[in-house]
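Q: I'd like a close look at one part of this protein, and how it fits in with what's around it. Please keep it relaxed, but walk me through it piece by piece.

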Amino acid sequence: MIPGPDKEALILFGGLPQLAPRGSLDLKSLDNERGNRTAVRNIVLVTLDCVRPDHLGCYGYRGVETPHLDQLAACGLLFEEAVTHGPNTWVAHGALFTGCYPPVNGLRSPHDRLSPQVVTMAEWFSAHGWTTAAFPGTSLVGRGHGFHRGFDLFDDKWLEAMETSGGKVLWRRNWKQALAKAFEWMEESREPFLVWLHYIDTHHLPILDLPEYYRSRFSPRWQYYDGKVSRADTECVGEIKRFLEDKGFSERTVLAIFADHGEELGEDGRPLHDGELKEDVVRVPLIMVAPGTWAWGGKRLCHPVGLVDVFPTLCKLTGLEPPSGIQGLSLDEEDLLWGSRLRARILYLENWPKGFVAARTSQWKLVLRVDPCDEASVRGPKVAGLYDLRNDPGGTNDLSGSYPDVVEWLRAECMRWFTMSPSGGSWEEGMESVKEALEALGYI
Ligand SMILES: [Zn+2]
């Protein structure tokens, strides 16, 4: 007997998402299909790179103050059980922007690019009349991986103009300059717009020049993490919140703030997130704030969701159907009230270059070990661990020997996703800047 949810409800979607021909996309009514909701128009997405939910005030942490995020969570919707689908910046954003898991969107290793067979969030909204802009914080989410697709403005000129120092290319952009440019773009652009801001200064390595205020307020162990989180709340979240309010955009804009992955923060080890799919890196904060009749008033959703759900849910909020074949769920009012579909979720995660794949429910996480270079291993991966997250939230106690039925159940689900594949494009552009960024961040 397999403990857990109704398995029939777990088969969510099949097949590859197809990009509909441009000519077949019609502008749809902005009214929600139920007709009693005022659809949101603008979309502002904010990535807080590497930020763990358990280091934010609105998730119960008391070691750092995050008043701006807390205020947004208090009037919006906070996802208690949100996860990423890969503990790397590019993999996580690939899932976010396509609503599909890495095997389907094609972006699994640093040298992949998004499959031409999937439609990106920016392509979809652009095709439906939105103006779109992206302000990526690093070359890890650049044109080389295909992240520019669908954006009218993909603001990566700073990469071309990167200064070099000792042969090393700078791997991140100046946040204040990015923010100023994004604000200017929003003020001048035709609505509705979709804009993505990528805050990279919470990422580890190289150590940032953290102002003394943030150093002095935290213990040595945490100052470089909590200090950076505190600064992000002020200089990123607070600034964006104020801008949207001051300019009147908040009345017709959904603001979604999330991390792409978490961070392992050992007692003495350096920060790391490119590993075994541990809970520290898998769980991410996700907060949405929307105006008018969509206002959630501080609701906290305690069911599993993934970054793949953001794209289709934004479609729901704006009155669009998501692309066919998308793997994420379009969360509707029933999901938010009852969570019946969500209780039955199995979410897929992987760190393909390092050989880890996983299936995760609200209770269980099964991690499999795969050698990507060994076909026998790919066909029959070894079990790296099974964790009961209800009784072992950190996922440290391997129970695979005690629950063989659960292992086989989740292994089958995991392999079903793992073996899906698009006819992905090969990685060609931007090789050097990505390689330098990977080195600077300690990935290679
Ligand atoms: Zn990242």
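A: A quick definition before we start: a residue is called buried when its relative accessible area is under 20%. By that cut-off, buried residues make up 60% of the 444 residues in the protein. Keep in mind that this is a predicted model.

Let's zoom in on helix α10, and then work outwards. Helix α10 covers residues 310-318, and 9 of its 9 residues are buried, so the helix is largely enclosed by the rest of the structure. The residues in question are V310, F311, P312, T313, L314, C315, K316, L317 and T318. You'll notice that K316 is on that list along with V310, F311 and L314. Just past the end of α10, G319 takes a positive phi of about 85 degrees.

What does the covering of α10? The cover includes two helices, α2 (89-98) and α4 (121-127), and also the strands β1 (42-48), β9 (253-258), β10 (286-289) and β12 (305-306). Several of these turn up again below, so let's take them in turn.

Start with the sheet. Strands β1, β9 and β10 all belong to an open sheet of 8 strands with mixed pairing, in the order β5-β4-β8-β1-β9-β10-β2-β11. At its edges are β5 (153-154) and β11 (299-301), each of which pairs on one side only. In general, strands of a sheet pair through backbone hydrogen bonds, either parallel or antiparallel. Both kinds show up here: β1 and β9 run parallel and are joined by 6 bridges, whereas β9 and β10 pair in the antiparallel sense over 4 bridges. One step further along, β2 and β10 are also antiparallel, with 2 bridges between them.

You can trace a path through these strands residue by residue. L45 stands opposite A256 in β9. A256 in turn has M288 as its bridge partner in β10, and M288 stands opposite L77.

Strand β10 is worth a second look. In a regular strand the side chains alternate between the two faces of the sheet. For β10 both faces are covered: L286 and M288 are on one side, I287 and V289 are on the other, and all of them are buried.

Now for the helices that lie on this sheet. Helix α2, one of the elements covering α10, lies across β1, β8 (193-199) and β9, and runs at about 165 degrees to β8. Helix α1 (residues 67-75) packs on the sheet too, touching β1, β2 (77-79), β9 and β10. The direction of α1 makes about 60 degrees with that of β10.

Helix α2 also brings us to the metal. Which residues coordinate the zinc ion? The donors come from D49, which contributes OD twice, T89 through OG1, D260 through OD and H261 through NE2, at 2.0 to 2.7 Å. Along the sequence, these donor residues follow the spacing D-x39-T-x170-D-H. T89 sits in helix α2 and H261 in the loop between β9 and α9 (279-282), so this pair of donors, 172 residues apart, links distant parts of the chain. T89 counts as buried because its relative accessibility is 0%, and H261 is buried on the basis of a 0% value as well.

The last neighbour to visit is β12, another piece of the cover over α10. G306 lies in this strand and is buried, with a relative accessible area of 0%. Leaving aside residues up to four places away in sequence, G306 touches V83, H85 and L347. The C-alpha atoms of G306 and F79 are 9.6 Å apart, although 227 residues separate the two along the chain.

Links between distant stretches like that fit the overall numbers. Among contacts between residues at least 6 apart in sequence, 72% join residues at least 24 apart. As for the rest of the protein, the secondary structure comes to 15 helices and 16 strands, and the exposed area is about 17400 Å², with carbon and sulfur atoms supplying 50% of it.

Note on methods
Residues are numbered from 1 along each chain as its sequence is written. This is a predicted model: local features need pLDDT of at least 70, side-chain atom pairs count only at pLDDT 80 or more; totals for chains, interfaces and linings use all residues. Side-chain values use heavy atoms; hydrogens and water are left out. Buried means under 20% relative accessible area, exposed over 50%, partly exposed in between (1.4 Å probe, protein chains only). Contact means heavy atoms within 4.5 Å. Donors are N, O and S atoms within 2.8 Å of the metal (3.2 Å for Na, K and Ca); water is not among the atoms, so sites may look incomplete. Two strands pair if DSSP finds at least two bridges between them. Axes are lines fitted to C-alpha atoms, for helices over the stretch in contact, and angles run from 0 to 180 degrees between N-to-C directions. Accessible areas come from the Shrake-Rupley method with a 1.4 Å probe; for residues, only the protein chains shown count as cover.
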